Amino acid sequence: MKSGTESGVKILALSGGVGGAKLALGLARVLPPGALTVVANTADDFEHLGLYIAPDLDTVMYTLAGINDTERGWGLAGESWQCLDALNRLGAERWFQLGDRDLATHIRRSALLREGQNLSAVTAQLCRALDVTVDLLPMSDDPVRTLVDCEEGELPFQHYFVREQCRPRVRGFRFAGQEQARAQPAFLAMLTDPELTAVIICPSNPFVSVDPILGLPGVREALVASPAPVYAVSPIIGDRALKGPAAKMMAELGLPVSAASVAAHYRGLVDTFVMDESDATLAATINEPGMQIMMAPTVMKSLEDRERLAQQLLDRLQDCRP
Ligand code: FO1
């Protein structure tokens, strides 16, 4: 098969953690080499036990490397927890589970960052070491941090998500540092590339995984201006999120819990909104200006499911090409 650059196909996928990583893997497997760039959310990164942790970036990296724990959704397969146990014995907190092998990633990344490399360079180095051939970029090399406004006040994202198990009722979100941050330069260059084939917003949480990326200076404007079609796959099917707290957040924000709310969230930005085929009745009621609806099987349990959804997106792109 011709490589991505030879074939001229250039797909840009925007991803959060688990759900996004599944589609990213499907795309990686059906696209020619070099055709896919994945931009991952880094607003849920944080410093913990003295290390720089990048959960979404790592979930995508481990998934693309085929070494992720598919049951848990995050971390590495076949993990052990001896270091965390030992740290805990020495008085360290253990609410955030860092496995022994996963810790190697955080130790190495933290050291390289301390030496002065930026997150993009470090990510590229880790990906090379793990034989990830897809271009994986952090959304920015600058710090952006999600703060969850909830009944307890403003909580850093991982405190809300992992330590508090998403229990507090949310009122809104703030992305500290977003206005000053620069979108990763290769990401921004792709958005303004006239040769870009398509942008695919993966089935990730629109509020805390995709909005941190879209809100970076210049990104929304570039997406709107880009002649490339923008696809978004709904992470909500029926009245449930495939994974994580998206449905709970929607309800607490006073929005109807359905893919229609996700479509409304992406109004003016997305050309084709992809909904699960089980939501056909709802799909008929969605009338967002400029937005087409595509029905597809979006539940990705197996590798075949991931590849099938990816292939259907590419087939649709092919059909719609002038
Ligand atoms: N999620 C959890 O629910 N509990 C954990 O202890 C946990 C640890 C963890 C360690 C490394 C990593 O890369 C991810 C980890 N996650 C954990 C997942 C992660 O915090 C969230 O899934 C994302 O931040 C939301 O996209």
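## Polar contacts of the ligand

In this predicted model, an oxygen atom of the ligand has a polar side-chain atom of Gln 158 at a distance of 2.8 Å. Asp 56 likewise places a polar side-chain atom 2.7 Å from an oxygen atom of the ligand, while Trp 74 has an N or O atom in its side chain that lies 3.2 Å from a nitrogen atom of the ligand. Each of these three pairs falls within the 3.5 Å that defines a polar contact between N or O atoms.

The ligand on its own exposes 530 Å², and the protein buries 88% of that area.

## The shell around the ligand

The ligand is surrounded by 13 residues, of which Asp 44, Asp 56, Trp 74, Gln 97 and Gln 158 are the closest. Sorted by class, this shell consists of 8 nonpolar, 2 polar and 3 charged residues.

Which elements give two or more residues to the shell? They are helix H3, spanning residues 55-65, and helix H7, spanning residues 157-163. The contribution of H7, with 4 residues, is the most that is given to the shell.

## Packing of H2 against H3

Helix H3, one of the elements that give two or more residues to the ligand shell, also packs with helix H2 (residues 18-30), at an angle of about 35° and with the two axes 9 Å apart. The crossing of these two helices is right-handed.

On the side of H2 the contact is made by Val 18, Ala 21, Ala 24, Leu 25 and Ala 28, and on the side of H3 by Thr 59, Val 60, Thr 63 and Leu 64. By class, the residues of this contact are 7 nonpolar and 2 polar, with no charged residue.

## Positive phi values after H7

The loop between H7 and strand E8 (170-176) contains Gln 165, and this residue, although not a glycine, has a positive phi of about 55°. Cys 166 lies in the loop between H7 and E8 as well, and its phi, near 60°, is again a positive value in a residue other than glycine. Most residues other than glycine have a negative phi.

Key. Residues numbered from 1 in each chain as written. Predicted model: local features only at pLDDT ≥ 70, side-chain atom pairs only at ≥ 80, totals over all residues. Heavy atoms only, no water. Near = heavy atom within 4 Å. Polar contact = N/O pair within 3.5 Å; in protein donor to acceptor, adjacent residues only side chain to side chain. Areas by Shrake-Rupley, 256 points an atom, 1.4 Å probe, with all protein chains shown as cover. Nonpolar A, V, L, I, M, F, W, Y, C, P; charged D, E, K, R; others polar. Axes fitted to C-alpha atoms, helices over the stretch in contact; angles between N-to-C directions. Left-handed = near helix turned anticlockwise from the far one by under 90°. Contact = heavy atoms within 4.5 Å.
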